[in-house]
Amino acid sequence: MIGLFGIVVSLVLLMYLAYKGFSVIILAPVLALFAVIWSGMTHELLGFYSQVFMSGLGGYIIKYFPLFLLGAVFGKLMDDSGSARTIAIFFVERLGHHRAMLSIVISCAILTYGGVSLFVVGFAVFPIASALFKELGIPKRLIPAAIMLGALTFTMTALPGTPAIQNAIPMPYFKTDLYAAPVLGIIASIFMLITGMWWLNRRVEHSIKQGEGYGNHIEHHKEILTHSDPSLLIAMIPIVLVILSNLILSKVIFPSMDTSYLATAQFGHTSLNSVIGLWSIITALVIACIAIIALNWKRINDIRDSIQNGVSSSFLPIFNTASEVGYGSV
């Protein structure tokens, strides 16, 4: 019972201090060892750190680092090429200003379902949403809610085929691919979208009745559209490539290959089902990144710099998540 209490206390502290802005990379090992000490296993403290915590952290990085890396690079290239902005503006114009909330949600959903990272989506869509909400008198404080509904709900966790890391992590354990449980995923996605839009529209109606308006804010975001942004066709090709490549690779190409070598000791006595999902996403993202560079060679100011920034931005998310996995292992 004492050990269980220590685990609960350490978990509460982890959530609270992370919410307050403390680095999870530091918090996770410290609070994991706090739980060990509370459980009375002080003499095993360093063993838990080096053999349990670090093994959990390292194992996660070994398995999922390519997804974080390629996802970050892909997102950065979509941003620097102007493709993400083009897609967002297209849906806003087609759905009309009177459907401001829906247009922002759908824009974010299309981008994240195509593999663009949440951070890129946020920066690409926010200026558009800001201008739109200001024109219609919708409170600026509702912009994050609209972006999050499109980027952080059904396309991240439920919609079949989404390359989001939350959908990819379970694959090696359940021996599935990104398209597992499609019926349940579609039902859950529809439910999230409908209930989320109901709530957002209700908040808009309430704010209008209260006469709240957009509010007085100092705007710092960059220009919404530039003359160098690609056409919708060029912008959508990498998104479509991620989705189609992943589907074809996971359902046709890889299953038809001779992968019997995976069962040998050299490759960890594994099976194709354990790795096919990861192989498909990694290959699809590589293809999409090459396509963006080829299609936007003159639009991206410094391709080397874009790739480097994408690589750098992948480090903190992977180590944050891996530290939490290490904490869970302890």
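**Exercise 1. Charged side chains**

The chain has 18 positive and 15 negative side chains. State how far apart the centres of these two sets lie in this predicted model.

Solution. Take the positive side chains as one set and the negative side chains as the other. Find the centre of each set. The two centres lie 5 Å apart.

**Exercise 2. The chain as a whole**

Describe the elements of the chain, and decide whether the chain is as compact as a globular protein of its length.

Solution. Step one is to list the elements. The chain holds 14 helices and 0 strands. Read from the N terminus, the order is α-α-α-α-α-α-α-α-α-α-α-α-α-α. Step two is the radius of gyration, which is 22 Å for the chain. The globule rule gives 20 Å for 330 residues, and the two values are close, so the chain is as compact as a globular protein of that length.

Step three adds the outer dimensions: along the principal axes, the C-alpha atoms fill a box of roughly 65 × 50 × 40 Å. Step four turns to the inside and the surface. Of the 330 residues, 43% are buried. The chain exposes about 17200 Å², and carbon and sulfur atoms supply 69% of that area. Step five concerns contacts between residues at least 6 apart in sequence: 78% of them join residues at least 24 apart.

**Exercise 3. Helix H4**

Check whether the span of helix H4 (residues 83–95) agrees with its number of residues, then say which helices its buried residues pack against.

Solution. Begin with the span. H4 has 13 residues, and at 1.5 Å a residue it should span 18 Å. The expected span is 1.5 Å times one less than the number of residues, so the step count is one lower than the residue count. The end C-alpha atoms of H4 are 19 Å apart, which agrees.

Next, list the buried residues of H4: Ser-83, Ala-84, Arg-85, Thr-86, Ile-87, Ala-88, Ile-89, Phe-91 and Val-92. They pack against helices H3 (45–80), H5 (100–113), H6 (118–136) and H12 (232–256). Finally, look at what follows the helix. Just after H4 comes Gly-96, with a positive phi of about 90 degrees.

**Exercise 4. Two residues of helix H12**

Classify Asn-246 and Val-242 as buried or exposed, and list their contacts beyond four places in sequence.

Solution. Start with Asn-246, which has its place in helix H12. Its relative accessible area is 4%. Buried means under 20%, so Asn-246 is buried. Asn-246 touches Gly-161, Leu-178, Tyr-179, Leu-241, Ser-280, Ile-281 and Ala-284.

Val-242 is also found in helix H12. With a relative accessible area of 3%, Val-242 is buried. Its contacts are Phe-74, Gly-114, Pro-163, Ala-284, Leu-285 and Ala-288. Ala-284 thus appears in the list for Asn-246 and in the list for Val-242. One distance completes the step: the C-alpha atoms of Val-242 and Ser-260 are 27 Å apart, with their positions 18 residues apart along the chain.

**Exercise 5. Positive phi in loops**

Lys-175 and His-269 have a positive phi although neither is a glycine. Find where each one lies and how exposed it is.

Solution. For Lys-175, phi is about 55 degrees. Lys-175 sits in the loop between helix H10 (171–174) and helix H11 (182–209). Its relative accessibility is 46%, so it counts as partly exposed.

For His-269, phi is near 50 degrees. The residue belongs to the loop between H12 and helix H13 (272–295). His-269 has a relative accessible area of 58% and is exposed. The cut-off for exposed is over 50%.

**Exercise 6. Residues far apart in sequence**

Give the C-alpha separation for Glu-324 and Ile-25 and for Ala-32 and Gly-328, then describe the surroundings of Glu-324 and Ala-32.

Solution. Glu-324 and Ile-25 are 299 residues apart along the chain, and their C-alpha atoms are separated by 7.9 Å. Glu-324 has its place in helix H14 (residues 303–329) and is partly exposed at 39% relative accessible area. Beyond four places in sequence, Glu-324 touches Val-24 and Ala-28.

Ala-32 and Gly-328 are 296 residues apart, with 8.0 Å between their C-alpha atoms. Ala-32 lies in helix H2 (residues 24–38). At 1% relative accessibility, Ala-32 is buried. Beyond four places in sequence, Ala-32 touches Phe-53, Tyr-327 and Val-330.

Notes
Residues numbered from 1 in each chain as written. Predicted model: local features only at pLDDT ≥ 70, side-chain atom pairs only at ≥ 80, totals over all residues. Heavy atoms only, no water. Helix = DSSP H or I, 4+ residues; strand = E, 2+ residues; numbered from the N terminus. Rg over C-alpha atoms; globule rule 2.2 N^0.38 Å. Buried < 20%, exposed > 50% of the residue type's maximum accessible area, 1.4 Å probe, protein only. Contact = heavy atoms within 4.5 Å. Areas by Shrake-Rupley, 256 points an atom, 1.4 Å probe, with all protein chains shown as cover. Lys, Arg positive; Asp, Glu negative; His and termini not counted. Charge placed at Lys NZ, Arg CZ, Asp CG, Glu CD.
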